[in-house]
Amino acid sequence: MTFQPKSDFLRVMIERGFLADCTDYQALDDALMAGVVPGYIGFDATAKSLHVGSLIQIMMLRWLQKTGHKPLVLMGGGTTKVGDPSFRADERPLLTPDQIDDNIAGIRQVFSKYVSFGDGASDALMLNNAEWLDGLNYLEFLRDIGRHFSVNRMLSFESVKSRLDREQSLSFLEFNYMILQAYDFLELNKRYGCLLQMGGSDQWGNIVNGIDLTRRVIDNTVFGLTSPLLTTSDGKKMGKSADGAVWLNAEMRSPYEFWQFWRNTTDADVGRFLKLYTELPIEDCDRLGALEGSEINQAKIILANEVTTLCHGAEAAATAEATAREVFEKGGVGDDLPTVALTADELGDGISIVQLIVRTGLAKSGKEAKRLIAENGARLNDEPLTDAGLMIDAAALVEPLKLSAGKKRHALVTLS
């Protein structure tokens, strides 16, 4: 990129790989140099936590604050009732208002680790678009806002076009989503002076709609900035692992499992992930990412420690690393492994090893567990597990029982 920004925020976005596109580099750079710029990213409240796939956006808001500007975390209490159709093959399930409120409370816990909330000029705010969307009068909204949107143009956006090209149904409910998101930007500009909307590159069309609507309705200039849609070097979607989503809340994904996700990063992704997900200097990220052979493993441990420290705290990161060393280097059990505690009633006269493997999350089904055993991928207390018919009784659980799937995934079973 030939553009050389003067503002710290745009410089960080470009240097660390956050920037996919921007509506007006120079004008946004000038605004960032002129004073505090409120900028927002929207998050729909579809679960009680965000996962690693949202972490790039969370880090963008963190950097916005660290460079002297104001992050606005917009929770989609209103738009979650509709569902964002962007690049989805089907319609989202609809949630009740109580479910949405519970999800927002869980997500706030995540953000409190990354940004500082308060009343100061650059303090973050968590807002809820239900505040202005729930009370809309439909006929007034059609007259005042709907008239500014061209259906022809909306059909041309990639997020909609991809659904129609695959001949998948796109409901009128979802089609309204992009109008509501555009209206969010207009409201945030009027209420909080918000000048910038950020999001993944799949949100480009929605962001441009909001910029255009704000100009048409109140003649204000606002900006859009997108990040690349991240996949790992082997083409997998960021935020997913072999056993499901990598959640950012400790109750939904233990700090040890979170640490392990980053420790298991493929060699080719280490340098890029250090730049995006940590605050280590660029030179250190480049140096660590260039390591080869066994040395790259130390860079992965640094990555895991840095990311886990931001999300769960330094103590959790240190405990996770210590557990990993205990498990992998010394063949021990480790104190922080995911644990399934069986009651005497659950155990009864015994429980099959296949059931235990599924209960611990090391396999998703009995069929998958049996295949793991048949392919010599399962271990019991660090010894090869070959008998899929093995039954575990109370005598076998006098000490914690350690189950392993491959070399990197482990769990404990105890009798409570």
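A residue counts as buried when its relative accessible area is under 20%. Keep that cut-off at hand for the exercises below, and remember that this is a predicted model.

**Exercise 1. Cysteines**

Task: Decide whether cysteine 311 is buried or exposed, and find out how many disulfides the structure has.

Solution:
- Step 1. The relative accessibility of cysteine 311 is 1%, so this residue is buried.
- Step 2. Now try cysteine 22: its relative accessible area is 6%, so cysteine 22 is buried as well.
- Step 3. Next, look for bonding partners. A disulfide needs two cysteine sulfur atoms within 2.5 Å. For cysteine 311, the closest cysteine sulfur belongs to cysteine 285 and lies 18 Å away, which is too far for a bond.
- Step 4. For cysteine 22, the closest cysteine sulfur is that of cysteine 194, at 14 Å, again too far for a bond.
- Step 5. Searching the whole structure gives 0 disulfides.

**Exercise 2. The sheet**

Task: Work out the order of the strands in the sheet, then find which helices pack on it.

Solution:
- Step 1. The open sheet has 6 strands, in the order 1-6-5-2-3-4, with mixed pairing.
- Step 2. Look at the two ends of that order. Strand 1 (21-22) and strand 4 (125-128) are the edge strands, each pairing on one side only.
- Step 3. Follow strand 4 to its partner: strand 3 (residues 70-75) pairs with strand 4 in the parallel sense, over 4 bridges. Here methionine 75 stands opposite asparagine 128 of strand 4.
- Step 4. Helix 4 (residues 97-111) packs on the sheet and touches strand 2 (38-43), strand 3 and strand 4. Its direction makes about 160° with that of strand 4.
- Step 5. Helix 11 (residues 204-218) also packs on the sheet, touching strand 1, strand 5 (196-200) and strand 6 (223-227). The angle between the directions of helix 11 and strand 6 is about 170°.

**Exercise 3. Helix 13 and the core**

Task: Explain why helix 13 (residues 270-277) is largely enclosed by the rest of the structure, and find what tyrosine 277 touches.

Solution:
- Step 1. Of the 8 residues in helix 13, 7 are buried, so the helix is largely enclosed. Among them are Phe273, Leu274 and Tyr277.
- Step 2. These buried residues pack against several helices, including helix 1 (8-15), helix 3 (55-66) and helix 15 (295-312).
- Step 3. The largest nonpolar core has 68 residues, and Phe111, Trp262 and Tyr277 touch the most other members.
- Step 4. Beyond its neighbours within four places in sequence, tyrosine 277 contacts residues including Leu55, Met59, Trp262 and Leu310.
- Step 5. A second, separate core of 29 residues includes Leu127 and Phe175.

Note on methods
Residues are numbered from 1 along each chain as its sequence is written. This is a predicted model: local features need pLDDT of at least 70, side-chain atom pairs count only at pLDDT 80 or more; totals for chains, interfaces and linings use all residues. Side-chain values use heavy atoms; hydrogens and water are left out. Two strands pair if DSSP finds at least two bridges between them. Helices (H or I, at least four residues) and strands (E, at least two) are DSSP runs, numbered from the N terminus. Contact means heavy atoms within 4.5 Å. Axes are lines fitted to C-alpha atoms, for helices over the stretch in contact, and angles run from 0 to 180 degrees between N-to-C directions. Buried means under 20% relative accessible area, exposed over 50%, partly exposed in between (1.4 Å probe, protein chains only). A nonpolar core is a set of buried Ala, Val, Leu, Ile, Met, Phe, Trp, Tyr and Cys residues joined through side-chain atoms within 4.5 Å.
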